[in-house]
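Colleague: I should like to go through this model with you, from the overall fold to the surroundings of the ligand. Please give the cut-off behind each term as it arises.

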Amino acid sequence: MRQRTVKNLEEKMANNSSFLIKDPREAKGHWAEIFGNTNPVYLEIGCGKGKFILTRAQRNPDANYIAVEGQENVILRAMEKAEAAGLANLRLFNDFVNDLNDYFEKGELAGVYLNFSDPWPKARHDKRRLTYHKRLENYFQVMDEAGFVEFKTDNEGLFEFTLEEIALLEEKGLKMAEMTRDLHGEDCSYESRLVTTEYEDKFSAAGKNINYVKITK
Ligand SMILES: C[S@@+](CC[C@H](N)C(=O)[O-])C[C@H]1O[C@@H](n2cnc3c(N)ncnc32)[C@H](O)[C@@H]1O
């Protein structure tokens, strides 16, 4: 996501930080305390400007949501929206996550959302793709038994790669629970089509099909 530099970024970050977790590694094992309840906790990795996670948090007050985004000038937009919405069930943190064990105890998450993740098209960068099989395994390490990963992308190459990575994990008990190459097509009734992201809106409006897969144990 290419972004223009934001003027007075530091000051704006500070002024919109009510829902920002500044030391997410310190939060490991304490997310229920942070939210003040034991409702399920869902994570979006690479939330961009936050439309998806804010919508989910607004629609589901009995669940908790965490948005993580690596770029400061991008997460600022999500922080501004969170500030305006004042949702008690939403938190954000600013990091390029690698190992989810750094932030969550086993079983602390109920699901992970990956939306329009960076494709890293060069073959030698395959390990950086958020659906690389070792990363998928890592997400399941911190999820409860009913945990899932939902992934949406416009990128055909990244989607094919992801299906291959899931196949590698079949022997470890992971499987595709839902899959479509046209999430917004007439024949599709998956719940995932109801909450869209900024990228999804842009690509759908341009007539691009949206690929989607849900992975469970
Ligand atoms: C192409 S954008 C999509 C944004 C949003 N999910 C959407 O669908 O509109 C991908 C975002 O993921 C972020 N990102 C990529 N890898 C990440 C990581 N490991 N941890 C946190 N954010 C990451 C990037 O900074 C970028 O803003």
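The exchange below takes up the chain, its strands and the ligand shell in turn.

Modeller: This is a predicted model, in which local features need pLDDT of at least 70 and side-chain atom pairs count only at pLDDT 80 or more, whereas totals for chains, interfaces and linings use all residues. Residues are numbered from 1 along each chain as its sequence is written.

Colleague: How many helices and strands does the chain have?

Modeller: Helices (H or I, at least four residues) and strands (E, at least two) are DSSP runs, numbered from the N terminus. Read from that end, the order of elements is α-α-β-α-β-α-β-β-α-β-α-β-α-β. The count is therefore seven helices and seven strands.

Colleague: What is the radius of gyration of the chain?

Modeller: The radius is taken over C-alpha atoms, and the globule rule is 2.2 Å times the number of residues to the power 0.38. For 217 residues that rule gives 17 Å, and the chain is close to this, so it is as compact as a globular protein of that length; its radius of gyration is 17 Å.

Colleague: Which strands pair with β2, and in which sense, parallel or antiparallel?

Modeller: Two strands pair if DSSP finds at least two bridges between them. Five bridges join β2 (64-69) to β1 (residues 41-45), with Tyr65 as the bridge partner of Tyr42. Five bridges also join β2 to β3 (residues 90-94), where Leu92 stands opposite Ala67. The partners are thus β1 and β3, and the sense in each case is parallel.

Colleague: Which helix joins β2 and β3 in a right-handed β-α-β unit?

Modeller: A crossover is right-handed if, with the strands pointing away from the viewer, the path from the first strand over the helix to the second runs clockwise. β1, α3 (residues 51-59) and β2 make one such unit. In the unit of β2 and β3, the helix is α4 (residues 72-85).

Colleague: How many of the residues of β2 are buried?

Modeller: A residue is buried if 20 or more other C-beta atoms, placed from the backbone, lie within 10 Å of its own, exposed if 12 or fewer, and partly exposed in between. In a regular strand the side chains alternate between the two faces of the sheet. In β2, Asn64, Ile66 and Val68 are buried on one side, and Tyr65, Ala67 and Glu69 on the other. The number buried is six of six.

Colleague: Is Ala84 buried or exposed?

Modeller: Ala84 lies in helix α4. Its C-alpha atom is separated by 22 Å from that of Tyr199, 115 residues apart along the chain. Because Ala84 has 10 other C-beta atoms within 10 Å, it is exposed.

Colleague: Which strands pair with β7 (residues 211-216)?

Modeller: Six antiparallel bridges link β7 to β5 (residues 148-153), and Phe151 stands opposite Val213. Five bridges, also antiparallel, join β7 to β6 (residues 175-180), with Ile215 as the bridge partner of Met176. The strands are β5 and β6.

Colleague: Which element gives the largest share of the shell around the ligand?

Modeller: A residue is near the ligand if its C-beta atom, placed from the backbone, lies within 6 Å of it. Of the 20 residues around the ligand, Gly46, Gly48, Phe116, Thr197 and Tyr199 come nearest. Two or more shell residues come from each of β2 and α7 (198-205). The largest share, three residues, is that of α7.
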